[in-house]
Amino acid sequence: MGLALAVEPPPVAAAPVEDQALIAATLAGNGEAFGELVGRYQRAVYHLAARTLRDSTEAEDATQEAFFKAYRALHSFRPGAKFSTWIFTICYRLCCDRLARRKRLSGDELPDRADPGAGPALLAERNDEARRLRAAIDQLPEKYRTVITLYHLQGKQYDEIATVLNLPLGTVKTHLFRAKEQLRKALTT
Amino acid sequence: MMMDDDALDRALAALPLDEPPADLQQRILARTVYAPRAALRGWELWVIAIAAALVGWFGWVLLSAPHAQERITDTLARVIAVSGLDSMNTVLWLAAGVSATWWIVQLSVPDRRRRIEVR
């Protein structure tokens, strides 16, 4: 208990109007506007990919691919929708594809790999509470892990999480409840 | 001791996001806004490919017909005769016309309307 971590608000709460303006500018040929969008969301998208795939190299590739697809399909972006939800949806689908491919190749029920970044630095920080929480999230099954990651990124906007995962709202709430239960158990000292 | 829901929410909210590699944004931009533009679009490539296939097919049909070489030679000779291209005068006038057209295209005529707007 007592996870007093350095408070850093999730960087996803950008005003939708500004995002719309950046999208409009990008469509008008302003490359810097898209650069601003990438700068605004790349960390959250990478986080979602890294938590879902548990592989930093694959997460990088998935993040790049997500922004590439978003850029090519930007003209089809529905005005009034949230860019964060859209880019998370694209990223999540790409992650699902990668997980499915991994499953086909390895034949595992739940194909997860250890993050190659885990080394002496990780061991040294084992007592760090953020690391404990992150490790507990990594131990969750994929469906709970993704829900809890999106809950972290999107806040308590269950409908947005349901949109990204293409799941009914009730299922999202159930998954979240169970994920939290498992996290609480894992973090109980 | 069991952690309560609020404490878990606070811990989740405080959890720092994974840090992407420093050059990730540059790599994304290099693949998107700064990617070299393709000379032709996808549909243009399709049109060119279909047109080339049709030309190839038509050429094959012509050449595979019986006595194709003689027929093609005859047809070409008839076209040249009918259009008057076998006469030196016609060829000279045609060359003069093409040359004059080319020179007119090369001339830069000032845009009168634009000058009026500037004033």
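Helices here are DSSP runs of H or I with at least four residues, strands are E runs of at least two, and both are numbered from the N terminus. The expected span of a helix is 1.5 Å times one less than its number of residues. This is a predicted model, in which local features need pLDDT of at least 70, side-chain atom pairs count only at pLDDT 80 or more, and totals for chains, interfaces and linings use all residues. Residues are numbered from 1 along each chain as its sequence is written, while chains are lettered from A and ligands numbered from 1 in the order in which they are written.

Let's start with helix α9 of chain A, residues 169-187. Its 19 residues should span 27 Å, and the end C-alpha atoms are indeed 27 Å apart, so the two agree. The buried residues of α9(A) (buried meaning 20 or more other C-beta atoms within 10 Å, exposed 12 or fewer, partly exposed in between, with C-beta atoms placed from the backbone) are A:Val172, A:His175, A:Ala179, A:Lys180, A:Leu183 and A:Leu187. They cover an arc of only 135 degrees around the axis, taken from the directions from the axis to the C-beta atoms, so they sit on the same side of α9(A). Over on the other side, A:Gly170 and A:Lys185 are exposed. The buried set packs against α6 (129-139), α7 (142-154) and α8 (158-165) of chain A, together with α1 of chain B.

That brings in chain B. It has six helices and zero strands, and 8% of its 119 residues are buried. Its contact with chain A takes 24 residues from chain B and 34 from chain A, a contact being two C-beta atoms, placed from the backbone, within 7 Å. On chain B's side, the elements giving two or more residues are α1 (5-14) and α2 (24-31). By class, that side has 18 nonpolar, two polar and four charged residues; Ala, Val, Leu, Ile, Met, Phe, Trp, Tyr, Cys and Pro count as nonpolar, Asp, Glu, Lys and Arg as charged, and the others, Gly among them, as polar.

Back in chain A, A:Leu94 lies in helix α4 (residues 83-106) and counts as buried because it has 23 C-beta neighbours inside 10 Å. Beyond four places in sequence, A:Leu94 touches A:Ala62, A:Glu65 and A:Ala66.

Most residues other than glycine have a negative phi. Two loop residues of chain A go the other way:

| Residue | Phi | Loop |
|---|---|---|
| A:Arg54 | about 55 degrees | between α2 (31-53) and α3 (56-72) |
| A:Asn166 | about 55 degrees | between α8 and α9 |

A:Arg54 is partly exposed, with 19 C-beta neighbours inside 10 Å, whereas A:Asn166 is exposed, with 10.
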